[in-house]
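Subject: Structure handover

Hello,

Here is the structure I promised to pass on. My notes on it follow below.

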Amino acid sequence: QVQLQESGPGLVKPSQTLSLTCTVSVASITAKPYYWNWLRQPPGKGLEWMGGITFSGTTYYNPSLKSRTTISRDTSKNQFTLQLSSVVPEDTAVYYCASSLGSFSDYDHRGQGTQVTVSS
């Protein structure tokens, strides 16, 4: 089954850019009909979809985060990445990458998550 693993710094200073990488195993990120997602869950809150990238490389973003979010991919490494700019303490959350089939919902596999804290 598809395996996903998030990696990146656990601590980011306010106003900096948060950068995370998701390494995918077993499935190719270019294989139909996979969609690849970034999610986050702030403490005490629900899961939020941040954006995603399709098997063909098309990106889609949550409108509330679109101005600060960039999702890209490296097909040679079978990885996709998240960049969130101008972070604030409210961006503190557990960040997940997840796969889905044909849409940006109904995630079938998810990484274990990585805690990112925004603090000076």
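A strand here is a DSSP run of E with at least two residues, and strands are numbered from the N terminus. By that numbering, proline 33 lies in the loop between β3 and β4 (34-41). Keep in mind throughout that this is a predicted model.

**Backbone**

Start with that proline. The peptide bond from lysine 32 to proline 33 is cis, with omega near -5°. Two serines also stand out. Serine 15 is not a glycine, yet has a positive phi of about 80°. It sits in the loop between β2 (11-12) and β3. Serine 15 counts as exposed, because its relative accessibility is 60%. Serine 86 has a positive phi too, of about 50°, and is not a glycine either. Its place is the loop between β8 (79-84) and β9. At 44% relative accessibility, serine 86 counts as partly exposed. For context, most residues other than glycine have a negative phi, and most peptide bonds are trans.

**Disulfide**

The structure holds one disulfide. It joins cysteine 22 to cysteine 97, with an S to S distance of 2.1 Å. The pair links distant parts of the chain: cysteine 22 is in strand β3 (residues 18-25), cysteine 97 is in strand β9 (residues 93-101), and they are 75 residues apart. The link of cysteine 22 and cysteine 97 is right-handed, with 70° about the S-S bond. Cysteine 22 and cysteine 97 are both buried.

**Sheet**

Strand β3 also belongs to an open sheet of four strands. The order is β1-β3-β8-β7, and the pairing is antiparallel. Which strands stand at the edges? They are β1 (3-7) and β7 (69-74). Each has a single partner strand, so one side of each is left without a neighbour in the sheet. From one strand to the next, the twist averages 20°.

Now the β1 edge. β1 and β3 pair in the antiparallel sense over five bridges. Leucine 4 stands opposite valine 24 in β3. Serine 7 has threonine 21 of β3 as its bridge partner. Side chains alternate along β1. Leu4 and Glu6 point to one face and are buried. Gln3, Gln5 and Ser7 point to the other face and are not buried. Note that Glu6 is on the buried side together with Leu4.

**Aromatic rings**

How many aromatic pairs are there? The count comes to seven. In one of them, the ring centres of tryptophan 49 and phenylalanine 104 are 5.4 Å apart. Their planes are at 40°, so the pair is tilted. It links distant parts of the chain: tryptophan 49 is in strand β5 (residues 48-54), phenylalanine 104 is in the loop between β9 and β10 (109-110), and 55 residues separate them.

Phenylalanine 104 has a second ring pair, with tyrosine 60. Here the centres are 5.3 Å apart and the planes are at 55°, so this pair is tilted as well. Tyrosine 60 is in strand β6 (residues 59-61), 44 residues from phenylalanine 104.

Are these two residues buried or exposed? Phenylalanine 104 counts as buried, at 17% relative accessibility. Tyrosine 60 is partly exposed, with a relative accessible area of 41%. The cut-off matters here: buried means under 20%.

Ring pairs link Tyr35, Trp49, Phe55, Tyr60 and Phe104 into a cluster. Elsewhere, arginine 110 lies over the face of tyrosine 96, at 4.4 Å from the ring centre.

**Cores**

The largest nonpolar core has 26 residues. Leu18, Trp36, Trp38, Phe80 and Tyr95 touch the most other members. Two or more residues come from each of β3, β4, β5, β8, β9 and β11 (114-118). Strand β3 gives the largest share, four residues. Apart from this core lies another, of six residues. Its members include Tyr35, Leu39, Trp49 and Ala98. Tyr35 and Trp49 are also in the ring cluster described above.

**Where to look**

Strand β3 is a good thread to follow. It carries cysteine 22 of the disulfide, pairs with β1, and gives four residues to the largest core. After that, turn to phenylalanine 104, with its ring pairs to tryptophan 49 and tyrosine 60.

Best wishes

Technical notes. Residues are numbered from 1 along each chain as its sequence is written. Side-chain values use heavy atoms; hydrogens and water are left out. A disulfide is a pair of cysteine sulfur atoms within 2.5 Å. Buried means under 20% relative accessible area, exposed over 50%, partly exposed in between (1.4 Å probe, protein chains only). Two strands pair if DSSP finds at least two bridges between them. Axes are lines fitted to C-alpha atoms, for helices over the stretch in contact, and angles run from 0 to 180 degrees between N-to-C directions. Rings of Phe, Tyr and Trp (its six-membered ring) pair if their centres lie within 6.5 Å; planes under 30 degrees apart count as stacked, over 60 as edge-to-face and the rest as tilted. A charge sits over a ring if NZ of Lys or CZ of Arg is within 6 Å of the ring centre and within 35 degrees of the ring normal. A nonpolar core is a set of buried Ala, Val, Leu, Ile, Met, Phe, Trp, Tyr and Cys residues joined through side-chain atoms within 4.5 Å.
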